[in-house]
Amino acid sequence: MHWTTDQSPPSVGQVVITKTRSPIRSNVGLKAVMAVTGILLVLFLVVHMLGNLKIFTGETSFDHYAHWLRDIGTPLLPHTWYLWIQRTVLTVAVVAHIVAATVLARRARAARPVKYAHRKKIQGSYAARTMRWGGVIILLFVIYHILDLTTGDLNPQGDASNPYGNVVADFAPERWYVTLFYTLAIVTVGFHLRHGIFSALRSLGQQTPQGERRNRAIALVVAVGLCVGYLVVPFAVLTGLVS
């Protein structure tokens with residue numbers, strides 16, 4: 001219980017009820033949500049990339065891997081349940097990440113409502129200035145990717161029994177526009193990751209010049225590594241290396 005200096009103290013027997021914000025709704029709590037969900041999503045990207053690279057081991061091996069994903073947890077879990085649990089967790093993580101980022105951005109704008117005519121514009125990185133549109137591109141890509149290679153609705157082959165053939169049909173030379181969109185989305189993810197990883201490492205307290213240089217290098221290496229790992233598959237199909 002508390003009262004401000006311009007208020008009289010509560011009388012005897014009077015109870016003052018004050019609303020307290022939930023820790024998870026505080027700025028610190030929201031940043032923690034972004035960090036946890038961000039780590040979860042990055043880990044998924046790494047594992048998913050490694051799985052995609054199995055396409056270079058041949059059709060039989062890649063198809064076996066794709067079918068194995070549907071059988072994880074059996075017989076304890078029914079067929080494909082693991083994948084649906086994974087998709088649900090990832091969806092919740094993405095939504096929580098977006099909501100936390102949106103709330104923090106609005107609070108930051110509200111904290112500085114007055115714009116000075118001669119105020120020097122703060123220079124930010126390209127990724128920092130385009131995080132909003134980058135998020136939209138990534139969201140559209142995820143929706144397309146699910147309809148393409150998960151449900152098969154937008155895939156020219158759409159054969160659930162032949163995942164290798166679906167990938168080859170998807171990135172065939174005559175469908176260069178799909179590879180172009182895929183490239184745009186992955187590069188956007190790379191910029192998003194670079195900025196997000198750097199911000200996360202910086203928030204851990206490594207704000208010395210040497211620490212910031214190291215953080216930028218780590219963020220760049222991770223982002224470039226993931227971009228290359230994801231793009232090598234469609235371009236391998238586009239150029240006929242995988243067919």
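**Burial, packing and contacts in an all-helix model**

Tutor: Gly225 sits in helix H8, which covers residues 209–238. The model is a predicted one.

Student: Why is Gly225 called partly exposed?

Tutor: Its relative accessible area is 37%. Buried requires under 20% and exposed requires over 50%. The value for Gly225 falls between the two cut-offs, so the residue is partly exposed. Along the chain, Gly225 and Gly190 are 35 residues apart, and 8.9 Å separates their C-alpha atoms.

Student: How many helices and strands does the protein chain have?

Tutor: There are 8 helices and 0 strands. Read along the sequence, the pattern is α-α-α-α-α-α-α-α. Of the 243 residues in the protein chain, 27% are buried.

Student: Is Asn52 of helix H1 buried or exposed, and how do you know?

Tutor: Asn52, in H1 (residues 27–52), has a relative accessible area of 18%. The limit for buried is under 20%, therefore Asn52 is buried. Leaving aside residues up to four places away in sequence, Asn52 touches Phe62, Tyr182, Tyr230 and Val233.

Student: What makes Ile138 count as buried?

Tutor: The relative accessibility of Ile138 is 19%. That value is under the 20% cut-off, so Ile138 counts as buried. Ile138 belongs to helix H5. With residues up to four places away in sequence not counted, it touches Thr188, Val189 and His192. The C-alpha atoms of Ile138 and Leu184 are separated by 9.3 Å, with these positions 46 residues apart along the chain.

Student: Why are H2 and H6 called roughly perpendicular to each other?

Tutor: Two packed helices are described by the angle between their axes and the distance between the axes. Helix H2 (residues 59–71) and H6 pack at an angle of about 110 degrees, and their axes are 7 Å apart. Roughly perpendicular covers 65 to 115 degrees, so H2 and H6 qualify.

Student: Which residues make the contact?

Tutor: On H2 they are Glu59, Phe62, Asp63, Ala66 and His67. On H6 they are Pro163, Tyr164 and Val167. Phe62 is also one of the residues touched by Asn52.

Student: What makes the pairing of Asp170 and Arg175 a salt bridge?

Tutor: Their side chains meet at 2.9 Å, N to O. A salt bridge needs a side-chain nitrogen of Lys or Arg within 4 Å of a carboxyl oxygen of Asp or Glu, so this pair meets the rule. The count by this rule comes to 1 salt bridge. Asp170 and Arg175 are each buried.

Student: Why is Leu154 called partly exposed?

Tutor: Leu154 has a relative accessible area of 40%. Partly exposed lies between the buried limit of 20% and the exposed limit of 50%, so Leu154 is partly exposed. Its place is the loop between helix H5 (131–150) and helix H6 (163–170).

Student: What makes the nonpolar surface patch?

Tutor: Trp133, Val136, Leu139, Leu140, Ile143, Leu147 and Leu154 make it, and its area is about 660 Å². A residue in a patch must have over 30% relative accessible area, and the 40% of Leu154 passes that cut-off. The whole protein chain exposes about 16,400 Å², of which carbon and sulfur atoms supply 67%.

Student: Where is the cis peptide bond, and what is its omega?

Tutor: The bond joins Thr74 and Pro75, with omega about 0 degrees. Pro75 is in the loop between H2 and helix H3 (81–110). Thr80 also has its place in the loop between H2 and H3. Its phi is near 70 degrees, which is a positive value in a residue other than glycine.

Student: Among contacts in the protein chain between residues at least 6 apart in sequence, what percentage join residues at least 24 apart?

Tutor: The share is 64%.

How values were computed:
Residues are numbered from 1 along each chain as its sequence is written. This is a predicted model: local features need pLDDT of at least 70, side-chain atom pairs count only at pLDDT 80 or more; totals for chains, interfaces and linings use all residues. Side-chain values use heavy atoms; hydrogens and water are left out. Patches are made of residues with over 30% relative accessible area and no salt bridge: like charges are joined within 9 Å, nonpolar side chains (Val, Leu, Ile, Met, Phe, Trp, Tyr) within 5 Å. Accessible areas come from the Shrake-Rupley method with a 1.4 Å probe; for residues, only the protein chains shown count as cover. Helices (H or I, at least four residues) and strands (E, at least two) are DSSP runs, numbered from the N terminus. Buried means under 20% relative accessible area, exposed over 50%, partly exposed in between (1.4 Å probe, protein chains only). Axes are lines fitted to C-alpha atoms, for helices over the stretch in contact, and angles run from 0 to 180 degrees between N-to-C directions. Angles under 35 degrees count as roughly parallel, over 145 as roughly antiparallel, 65 to 115 as roughly perpendicular and the rest as oblique. Contact means heavy atoms within 4.5 Å.
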